[in-house]
Amino acid sequence: MGIIGVNGRYGKWMTQFFGRMGRRVIGSDIGTKLSNEDVVRRADVVIFAVPIAVTVRLIKELAPLSRKGQLWMDITSVKRGPVEAMLESKAEVVGLHPMCAPTVETLRGQIVMFCPARLSEWRCFVENFLKSTEATVKEITPEAHDRQMAMIQCMPHASILMMAALLRNM
């Protein structure tokens, strides 16, 4: 298992999670011995756990190093851009979005959005992995995911801004 963004909150969480499953995890991040290229060359499963602002660019930079037989996944809160970028690789592709902060100990009972884009040889692994998390898995297209997240994630922010403007005017 290779995690790009291994030192971030979700990268650390996933390292612990897969470690508990008995999986060997390697990773890259700013200041690590392994580079992103090293992770892509060495790992069978590559997980992108990087900030949204750099996800698509990073995936596109690494896509030429991909190979058939790999699985690429991202865990960002947007799906269309990262999934489209991963589809430029030779790897099988899945977009995931855990609908929780990386502060929970497990995904038991949490919602995980699942966007299988190109999945055949790795389908059983992904399905077993998701089942083992005991999460509530919702299969969705990247486009439908992003439309839903625009409402789910933006409405609370819009409400707070509206209340702040109202208080300021009072």
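Two residues are taken to be in contact when heavy atoms of theirs lie within 4.5 Å. By this criterion, in the predicted model described here, residues 24 or more positions apart account for 61% of the contacts in the chain with a separation of 6 or more. Buried residues, those under 20% relative accessible area, make up 43% of the 170 residues in the chain. The C-alpha trace spans about 60 × 30 × 30 Å along its principal axes. For a chain of 170 residues, a compact globule would be expected to have a radius of gyration near 15 Å, and the value of 17 Å computed for the chain agrees with this expectation.

The chain contains six helices and seven strands, and its elements, read from the N terminus on, follow the order β-α-β-α-β-α-β-α-β-β-α-β-α. Strands of a sheet pair through backbone hydrogen bonds, either parallel or antiparallel. Here, seven strands form an open sheet of mixed pairing, in the order β2-β1-β3-β4-β5-β6-β7. Its edges are formed by β2 (26–28) and β7 (136–139), each of which pairs on one side only. Neighbouring strands of this sheet are turned against each other by 20 degrees on average, direction ignored.

Within the sheet, strand β1 (residues 2–4) pairs with strand β3 (residues 45–48) in the parallel sense, over three bridges, and the bridge partner of I4 in β3 is F48. Helix α1 (residues 9–20) packs on the sheet, where it touches β1, β3 and β5, and the direction of α1 makes about 170 degrees with that of β1.

Helix α6 comprises the 28 residues 142–169, which at 1.5 Å a residue should span 40 Å; the end C-alpha atoms of α6 are 39 Å apart, and the two values therefore agree. The helix nevertheless carries a kink of about 35 degrees at C154, shortly before the proline P156. Residues P142, A144, H145 and M149 of α6 are buried, and the packing partners of the buried residues of this helix are α4 (80–86), β5 (92–98) and β6 (111–118). An α-helix has 3.6 residues a turn, so residues three or four places apart point the same way. Helix α6 thus meets, through its buried residues, both a helix, α4, and two strands, β5 and β6, the strands being neighbours in the order of the sheet.

Terms used. Residues numbered from 1 in each chain as written. Predicted model: local features only at pLDDT ≥ 70, side-chain atom pairs only at ≥ 80, totals over all residues. Heavy atoms only, no water. Helix = DSSP H or I, 4+ residues; strand = E, 2+ residues; numbered from the N terminus. Expected span 1.5 Å × (residues − 1). Bend = angle between axes of the 7 residues up to and from the residue. Buried < 20%, exposed > 50% of the residue type's maximum accessible area, 1.4 Å probe, protein only. Pairing = 2+ DSSP bridges. Axes fitted to C-alpha atoms, helices over the stretch in contact; angles between N-to-C directions. Rg over C-alpha atoms; globule rule 2.2 N^0.38 Å.
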